[in-house]
Amino acid sequence: MAASIEEFGWQQPLVVDEAGVIVVGHTRMKAAMKLGLTTVPVHVARGLTPAQLRAYRIADNQTATIATWNDGLLAGELMRLQEANYDLNLTGFG
């Protein structure tokens, strides 16, 4: 994650509740600390109940596990990046 932030910049804010507690973005926060960042983008989720905040946290993490790849499109994209001598490790694929 730290390498991703260094390469692409900060593209997705942390989401915190109205008390400033991280709802989603724990890994991005750990990466920011590793990079020595003292400020990061934050979105405050306002008006959500404690149950909604818990459900949002679960849903945010679950979306990655239910997503599927179009293997043909993915292979083509990775090949084009490789042809451009791009570090594929930054994509999460070695």
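In what order do the 3 strands of the open sheet lie? In this predicted model, the order is β2-β1-β3, and the pairing is mixed. The edges of the sheet are formed by β2 (residues 22-24) and β3 (residues 42-44), each of which pairs on one side only. Neighbouring strands are turned against each other by 40° on average, with direction ignored.

The pairing of β1 with β2 can be followed residue by residue. Strand β1 covers residues 14-16 and runs antiparallel to β2, with 2 bridges between them. Within this pairing, V16 stands opposite I22 of β2.

Two helices can be placed relative to these strands. Helix α2, residues 26-35, packs on the sheet and touches β1 and β2. The direction of α2 makes about 115° with that of β2. Helix α3 also lies across β1 and β2, and runs at about 45° to β2.

The aromatic side chains are the next topic. The model contains 1 aromatic pair, formed by W69 and F93. Their ring centres are 5.5 Å apart, and the planes stand at 75° to each other. The pair counts as edge-to-face because that class takes planes over 60 degrees apart.

The pair links distant parts of the chain, its two members being 24 residues apart. W69 sits in the loop between α3 (50-66) and α4 (71-83), while F93 belongs to the segment after α4.

Are these two residues buried or exposed? W69 has a relative accessible area of 58% and is therefore exposed, the cut-off being over 50%. F93, at 28%, is partly exposed.

How values were computed: Residues numbered from 1 in each chain as written. Predicted model: local features only at pLDDT ≥ 70, side-chain atom pairs only at ≥ 80, totals over all residues. Heavy atoms only, no water. Phe/Tyr/Trp six-rings, centres within 6.5 Å; stacked < 30°, edge-to-face > 60°. Helix = DSSP H or I, 4+ residues; strand = E, 2+ residues; numbered from the N terminus. Buried < 20%, exposed > 50% of the residue type's maximum accessible area, 1.4 Å probe, protein only. Pairing = 2+ DSSP bridges. Axes fitted to C-alpha atoms, helices over the stretch in contact; angles between N-to-C directions. Contact = heavy atoms within 4.5 Å.
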